[in-house]
Amino acid sequence: MQFPGSATPAEQTGIVAFREYALIASRNKWVITGAIALSLTLALGYYLIATKYYQSQTMIVAEEHGAINNVINKDGDAGGSFEQRLFLIQRQIINKDFMGEVAKEFRLFPSELNQEEQRDALVGILDMTKVERVKMDPAVALSSQSLVEGFVVSFMHENPTTAMQVTTRIADKFIEENNREREKEVEGTGEFLDEELRLLKHELEKREENISQFKKSHLGDLPQQTDANIRALDRTEADITTSTESLQRHSDKLATLNQAVHQYRVSGQQSPGFATGRTVEPDPLFRHLRELREKLVKLRAEFYDGYPEIILTKEEIRQVEEELTNLYGKDAIRPDKATLDPYLQDLLRQQSEARTEVTLLQRRLEQLHTTKRDLEKRLDRSPHVEQELLVLERDYNNMKANYAMLLDKRLHTRVQENVEKRQKGGKFRILDRASFPRSPVVPNKLKVLVLGFLFGCVSGAGLSILRERLTPQFRGPEDVELLLAGPRLLASIPDFSSLWRTASDPGYFQTLALPRPSLGMTIGSRSEIVPSKSPLAERSLHEIDRRFIAKMFPRSMAAEQYRVAAARLQLLNATGAPMVIAVTSAIKGEGKTTTVINLGYTLSRDFGRRVLLLDCDFVYPELTAFLESPVRYGLIDCLRSDIPLQQAMSSFTDVPCWIMPAGESVADSNDLLRAGQLNRVLSQLREEFDYILLNAPPILPVATMNVLESHSDLLLLVVRANLTSKQAVTQALGSLRADRPIHVVLNGVASTSLPSYMLDYAVSEGRVAV
């Protein structure tokens, strides 16, 4: 059978675990107490027989006089924090060479030891030596405000006198070596600063040269020239605009002149735009060219071509022709052409001038565009050059500042070197000399006892958990709630075996007055109650079975818990319909019969319900012991034949509660249950009773429970505290197949496992019953 699991919330997991361990500790308090007592005894014995070690201490403080350390670092941090210096001091003192000389001086180990044994002995001496930071108040937590610039040197030894002497020698030896190192440091400081200044100066000059070369190689691209480049670029763009406009005008003029020349040559008409009112004289160059040509003709007639004057005349003709060609074109110097018309001559001259002006303007524009591109490149390179220059200047300025600082330190060093050399105390001074130790520090009595106590707690807890794991039984209500997620706890019945030891007086027992008369009831129908006289009605209560706690001790805590269980059953039966409840257990001997008789009697007496206790355990039928009057038949007889059910029952004389025993068992008893006869019997009984409690056999040994559970409205599992194993209960629940609500009654719970409020209520309820 499967039960609906309920996931434990994450926030309740820790609380549940804590409750479980608290219960384990409560149940095993004597085991834990014994473990603690044994551990404390062993710890005290160890303290008495262990070797005692004594520790002597001396305090050394750091004294700074603002000399060489302040020269090297003006912030006063002499080569780092004091924690760093303390680390170096610890390595200086706790050192084989340092402590080896001290050990030989005081003969801390025998001289006849070999080298290997001496090394081992020296390691032990180093372990006995400690160097720690000084605290103003040992009780205050470690912080920068609670520490001073000082340290404590301590040494442990079996002889307190030797411990004091060795500690004193360690402090003196450390001061001596520190003074020697201080003198060397003072002497080397000046040399160090001089060398650093020389190197830094050389590097500084090198950086200056680099900056100068950089500026020369990037002349025009420097950041301070950016404004000038921007202004030059503006002027260049203005010149480009002006030259472009001028070029356009001259180009238009040249085109107009070309058209006028062409028109005049073709049609002989003068262009209106170029007509002049004045007389244009022919160009003298034409007349001069004609005269030179005539002269050349005469000279050739008289002289040969290599004559010098002929050569000079040819050269002069060539120069005049070239000049005319530039002015009027190639046609102007053709020998077959007549002298140019003055108007045409003027047009050609204007055309030549316009052509020359256009050529000059075009060259001017090319130069301006080249200048503009150069300026734009400079502006583009300017940020990159500026960044490189900033890096160079930054390094230079940093180095220059370092140089100035180092130079200042060197000037101070010359004054302070003599002061440092004359200081007698150096950087450290012994503030508190080593004292004679009165009591041992190892072993520490308080620490040994505390560790013994903690070990006892841990051992006791471990033994308790191991004991719980080796005996996995239900001990209290919490175990049921933790292990069984589906079933719910109906009630926790305390162990009432001690009540019979306290009830020795015959007048101890008192009958409980019922709220309404119901003596000697038998069943006829649900509406008809017939009292019957029983020959055993007047028997002494001492003869009643001791398990009948609800009748014998109605004011006891156990009886009260049966009333709690009965009240909860009432709440579960919200409809008020007849209910068949199968009461079973995982194994035999858990108290299911006790639960049936007490729960049924309580339902009848305190709640006025008609209850039938039906014994279905054919192997061990125990309800017969509670019969006030014997009956001839039982359940088996009703299943095998049609015997009237009233003849198989016996009622109590004081409450409406009846018992139907199992009857004489036969070989086919379980077969009778499977054959459907039980369903017929239960159908008749449901019409007459409010509650029918089936005293079912255990789940694991026999298979009868698998038949009875299908006829039940609710399953009630009885678990015996400190007896039933958790594994047996889990296995029993897993073997059930029918889907029925399951509730648990925890029986025989020890008083130590019950809540304190239940015990207090039981004591205050009356002195008659526990």
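**A colleague's note on strand E8, a nonpolar patch and model confidence**

1. Let's start with strand E8, residues 579–585, in this predicted model. The strand is mostly covered, with 7 of its 7 residues buried.

2. Which residues of E8 sit on each side, and are they buried or exposed? One side carries Met579, Ile581, Val583 and Ser585, while the other carries Val580, Ala582 and Thr584. All of these are buried, so both faces of the strand are covered (buried here means under 20% relative accessible area).

3. Now for the partners of E8. Strand E12, residues 691–695, pairs with E8 in the parallel sense over 5 bridges. If you would like a spot to look at in the viewer, find Val580, which stands opposite Ile692 in E12.

4. E8 also runs parallel to strand E13, residues 714–720, and 5 bridges join the two. Here Thr584 of E8 has Leu717 in E13 as its bridge partner.

5. On the surface, have a look at the nonpolar patch of about 540 Å². Its members are Leu40, Leu446, Val450, Leu451, Phe453 and Leu454. Helix H12, residues 445–470, gives the largest share of the patch, 5 residues; Leu451 is one of the residues lying in that helix.

6. A friendly word on confidence: the chain has a mean pLDDT of 78, and 76% of its residues reach 70 or more. Residues 1–8 have pLDDT below 50, and this stretch makes 14 contacts in the model beyond near neighbours in sequence. Residues 276–280 are also below 50, with 3 contacts beyond near neighbours in sequence.

Technical notes
Residues are numbered from 1 along each chain as its sequence is written. This is a predicted model: local features need pLDDT of at least 70, side-chain atom pairs count only at pLDDT 80 or more; totals for chains, interfaces and linings use all residues. Side-chain values use heavy atoms; hydrogens and water are left out. Buried means under 20% relative accessible area, exposed over 50%, partly exposed in between (1.4 Å probe, protein chains only). Helices (H or I, at least four residues) and strands (E, at least two) are DSSP runs, numbered from the N terminus. Two strands pair if DSSP finds at least two bridges between them. Patches are made of residues with over 30% relative accessible area and no salt bridge: like charges are joined within 9 Å, nonpolar side chains (Val, Leu, Ile, Met, Phe, Trp, Tyr) within 5 Å. Accessible areas come from the Shrake-Rupley method with a 1.4 Å probe; for residues, only the protein chains shown count as cover. A salt bridge is a side-chain nitrogen of Lys or Arg within 4 Å of a carboxyl oxygen of Asp or Glu. pLDDT is the predictor's confidence in each residue, from 0 to 100. Contact means heavy atoms within 4.5 Å.
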